[in-house]
Amino acid sequence: MAEIKVLALDLDGTLTNSQKEVTPRTRAALDAAIAKGVTIVLASGRPTAGVLPLAKELGLDKKGGCILSYNGGKIIDCRTGETLYQKQLDAQYVPELCAFAAAQNVTIITYNKEGVVTEHPDDKWALRECFTCKLPMTGVDDLAKYVDYPICKMLITLDPARRDEVWAAGKKQFDGRIDLYPSSPFFIEAVPLGVAKDGSLAALLEHMGLGRENLMACGDGLNDRSMIEYAGVGVAMQNAEAPVKTVADYVTAADNDHDGVAEAVEKFILK
């Protein structure tokens, strides 16, 4: 087996537990992997600002590592802050996505420099994103008008009971123009065509002079499926959605609340 040099970790439902914390055993496993020369990539649908505190907590700003944010829309080097890869959402889709969300009677959010922006700041599913990313919420009257700056993604937040019907309607409307896919039971990501965790990891590996055989990826959601399938070692968490488990090389015995990531790192990197 090729040596694992890069470890890509989804955050929510994977690296962090239900309280959004990295527990001591997992932290120790990551520190040991870094000591072996492995580059940690925090690969999330979250905006960059929503990953930075965790990257600092893990010491990646000093030890090195990367943040892959917006589901692959952007990669930055934690030590230098340099953007290594970026794809932005074409501005023409912002009003159309806002209108689609309104027609479906669901909330849509995006981000500004401070945090989360939406027309529905009290929406309980939108507030999940603030809790997850530890970012403040700003309410605006007209989101489409407000967004006059480049963005990497928008996020539809909704009751899980409606996720699949709204996703189907969105895929139909935006087919071939932008990509929509779920990242949790209550989130649907809207990103530029072709943006996914596997494609941006491929660009990063090329930048590093490495191949997919040097990559291990861990995740739980449908938006992690591409990187788990792509990686030399693809790991699905015990709590992963069924289609994610089917493409994985290994499914952890433990879930994200019981150090599933540590289990995988100990087995494949520290063994």
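Q: What is the bridge partner of Ala 236 in β14?
A: In this predicted model, Ala 236 has Val 251 as its bridge partner in β14.

Q: What makes β13 and β14 a pair of strands?
A: Two strands pair if at least two bridges are found between them. Two bridges join β13 to β14 (residues 250-251), so the requirement of at least two is met. The two strands run parallel.

Q: What lies between β13 and β14 in their β-α-β unit, and what is its handedness?
A: Helix α10 (residues 242-247) completes the unit with β13 and β14, and the unit is right-handed.

Q: How do you know that β12 also pairs with β13, and in which sense?
A: Four bridges are found between β12 (residues 215-219) and β13; because pairing needs at least two, these strands count as a pair. The sense is parallel, and Ala 217 stands opposite Gly 234 in β13. The chain passes from β12 through helix α9 (residues 225-230) to β13 in a right-handed β-α-β crossover.

Q: Which way do the residues of β13 point, and are they buried or exposed?
A: Val 233 and Val 235 point one way from β13 (residues 233-236), while Gly 234 and Ala 236 point the other way. All of them are buried.

Q: Why are β8 and β10 called edge strands?
A: Each of them, β8 (137-139) and β10 (178-184), pairs on one side only. They belong to an open sheet of six strands in the order β8-β7-β6-β9-β11-β10, with mixed pairing. Neighbouring strands of this sheet are turned by 30 degrees against each other on average, direction ignored.

Q: What makes β7 the partner of β8?
A: Three bridges join β7 (residues 116-118) to β8 in the parallel sense, and at least two are needed, so the strands pair. Val 117 stands opposite Thr 138 in β8.

Q: Which helices lie across β10 and β11, and at what angles do they run?
A: Helix α4 (residues 93-104) lies across β6 (107-111), β9 (154-157), β10 and β11 (187-192), running at about 0 degrees to β9. Helix α7 (residues 163-174) lies across β10 and β11, at about 165 degrees to β10.

Q: Which residues touch the most other members of the largest nonpolar core?
A: Among its 32 residues, these are Leu 7, Leu 15, Leu 30, Leu 42, Met 216 and Val 265. The elements that give two or more residues to this core include β1 (6-9), α1 (24-35) and β2 (39-43). Helix α11 gives the most, with five residues. Leaving aside residues up to four places away in sequence, Val 265 touches Leu 7, Ala 29, Leu 30, Ala 33, Met 216 and Leu 270. Another core, of 28 residues, lies apart from the largest one, and Leu 89 and Ile 156 are among its members.

Q: Why is Cys 66 not bonded to Cys 78?
A: The sulfur of Cys 66 is 6.1 Å from that of Cys 78, its closest cysteine sulfur, which is too far for a bond. A disulfide requires sulfur atoms within 2.5 Å.

Q: Why does Cys 152 form no disulfide, and why is this residue called buried?
A: The closest cysteine sulfur, in Cys 133, is 14 Å from the sulfur of Cys 152, too far for a bond. Cys 152 has a relative accessible area of 7%, and because buried means under 20%, the term applies. Cys 66 is likewise buried, at 6%. The count of disulfides comes to zero.

How values were computed: Residues numbered from 1 in each chain as written. Predicted model: local features only at pLDDT ≥ 70, side-chain atom pairs only at ≥ 80, totals over all residues. Heavy atoms only, no water. Buried < 20%, exposed > 50% of the residue type's maximum accessible area, 1.4 Å probe, protein only. Right-handed = clockwise from strand over helix to strand, strands pointing away. Axes fitted to C-alpha atoms, helices over the stretch in contact; angles between N-to-C directions. Contact = heavy atoms within 4.5 Å. Core = buried A, V, L, I, M, F, W, Y, C linked by side-chain atoms within 4.5 Å.
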